[in-house]
Amino acid sequence: NYTDALDTLHEVLRMRRHRQYQHDVHEPIINQYLELCVDLKKGHAAKEGLYQYKILTQNTDINSLEKVIRRFVQMAENRAEEASREAKETLADVEDLDMVYTPENLMLATVSGEDSQDRADRTVLTPWVKFLWEVYRHVLDILKNNNKVEKLYQDIAQMAFNFCIKYERKAEFRKLSDSVRNHLNLVIKHSHQTNSVNLNDPVSLQLHLDTRLHQLDCAININLWQEAIKTIHDIHSLMQLSKKRPKPQALANYYKQQALVFSKASN
């Protein structure tokens with residue numbers, strides 16, 4: 001029974017006698033745990049397990065945490081990709097993944113004359129895309145404002161923006177933009193805390209700028225012009241913090257995209 005196995009592994013991760021980290025013991029346990037979370041589409045359980053593993057590894061084996069998270073995200077992406085190939089429809093008509101399985105929506109699908117192929121596609125594709133969306137959100141929440149994993153955080157954020165483009169997810173793009181904006185505010189507010197990201201470090205600041213520039217490209221790609229304008233303001237604020245100018249190529253692309261956004265906004 002997968003659910004019982006998941007519960008057992010979760011208890012093992014929480015046990016006091018397992019608080020002394022051992023790479024050869026704990027990494028296989030968390031990998032097996034996360035495989036079960038993917039099989040069962042248990043996003044919140046995965047987040048709880050990863051949180052426990054972060055506590056274990058943050059000061060002892062941060063590379064293991066990164067490896068485990070990248071493997072987990074890749075598993076979820078693979079499942080969504082497989083479901084996408086199997087289904088014949090896209091999810092363009094699903095407005096908000098967080099609202100997919102409300103009683104109202106299920107009833108509406110029943111009475112709206114949705115044909116069996118539509119329902120089959122929805123059954124195959126939507127659960128995996130919804131789960132993948134949860135995975136990105138949970139992982140970003142675990143990694144936020146931590147200078148030991150800031151490159152991983154930015155990589156996952158960019159992957160999440162790519163997800164929004166690939167699956168045409170406008171509602172999720174807005175939510176993701178709000179999340180990374182809130183996480184940046186946390187960085188600024190709690191900069192004095194241990195392991196906080198330091199925006200005075202040029203490398204850290206460049207990582208944030210790279211993600212925002214990617215976010216801007218994605219907002220334009222998906223025709224979310226208000227989000228693009230917000231992102232331009234975010235980039236401008238980050239540039240004000242920088243003691244040196246961004247890379248010329250990045251700056252040129254930024255001004256080119258800015259001109260495009262403002263020309264659209266004035267139409």
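**Exercise 1. A residue in helix 11**

Work out whether Gln257 is buried or exposed from its relative accessibility.

*Solution.* Start with the value: Gln257 has 12% relative accessibility, so it counts as buried. The cut-offs behind that word are under 20% relative accessible area for buried, over 50% for exposed and partly exposed in between, with a 1.4 Å probe and protein chains only. Before going on, note that this is a predicted model, in which local features need pLDDT of at least 70 and side-chain atom pairs count only at pLDDT 80 or more, while totals for chains, interfaces and linings use all residues. Residues are numbered from 1 along each chain as its sequence is written, and side-chain values use heavy atoms, with hydrogens and water left out.

Next, place the residue: Gln257 belongs to helix 11, residues 248–266. Helices here are DSSP runs of H or I with at least four residues, strands are runs of E with at least two, and both are numbered from the N terminus. Last, look for its partners: with neighbours within four places in sequence set aside, Gln257 contacts Leu216, Asp217 and Ile220. A contact means heavy atoms within 4.5 Å.

**Exercise 2. The whole chain**

Find how many helices and strands the protein has, and what share of its residues is buried.

*Solution.* Count the elements: the protein has 11 helices and zero strands. Reading from the N terminus, the order is therefore α-α-α-α-α-α-α-α-α-α-α. Then turn to burial: 48% of the 267 residues count as buried. Finally, take the contacts with a separation of 6 or more: 75% of them join residues 24 or more positions apart.

**Exercise 3. Two buried residues with distant partners**

Describe the surroundings of Leu152 and of Met239.

*Solution.* Take Leu152 in helix 7. Its relative accessibility is 1%, so Leu152 is buried. Beyond residues up to four places away in sequence, Leu152 touches Glu66, Ile69, Arg70 and Leu143. Of these, Ile69 lies 83 residues from Leu152 in sequence, yet their C-alpha atoms are 8.9 Å apart.

Now take Met239, in helix 10 (residues 225–241). Met239 is buried because its relative accessible area is 17%. Leaving out residues up to four places away, Met239 touches Leu209, Pro246, Leu251 and Tyr254. Met239 and Leu209 are 30 residues apart along the chain, with 7.9 Å between their C-alpha atoms.

**Exercise 4. A pair of helices**

Determine how helix 1 and helix 2 cross and which residues meet.

*Solution.* Two packed helices are described by the angle between their axes and the distance between the axes. The axes of helix 1 (residues 2–14) and helix 2 (residues 23–40) come within 10 Å and cross at roughly 145°. Such axes are lines fitted to C-alpha atoms over the stretch in contact, and the angles run from 0 to 180 degrees between N-to-C directions.

The crossing is left-handed: the near helix is turned anticlockwise from the far one by less than a right angle, while clockwise would be right-handed. Helix 1 contributes residues including Leu6, Leu9 and Leu13, and helix 2 contributes residues including Ile29, Tyr33 and Leu36. By class, this contact holds 12 nonpolar, three polar and one charged residues. Nonpolar covers Ala, Val, Leu, Ile, Met, Phe, Trp, Tyr, Cys and Pro, charged covers Asp, Glu, Lys and Arg, and the others, Gly among them, are polar.

**Exercise 5. Empty space and Asn145**

Find which residues lie nearest the centre of the largest cavity and of the second largest pocket.

*Solution.* On a 1 Å grid over the protein atoms alone, a cavity is a set of points where a 1.4 Å probe fits but cannot get out; a pocket is an open set with protein on both sides within 12 Å along at least five of seven lines, and lining residues have an atom within 4 Å of a point. Points join across faces, edges and corners, and the volume is the space filled by probe spheres set on them.

The count is one cavity of 30 Å³ or more, and the largest cavity holds about 80 Å³. Its lining has 14 residues, with Asn145, Tyr153, Gln154, Val187 and His208 nearest the centre. Helix 7 (150–166), helix 8 (170–189) and helix 9 (202–221) each give two or more residues. Helix 8 gives the largest share, four residues.

The second largest pocket holds about 190 Å³. Of its 13 lining residues, Lys54, Lys144, Asn145, Asn146 and Gln193 are closest to its centre. This lining divides into two nonpolar, eight polar and three charged residues.

Finish with Asn145, in the loop between helix 6 (116–143) and helix 7. Asn145 is buried, as its relative accessible area is 16%. Although not a glycine, Asn145 has a positive phi of about 45°.
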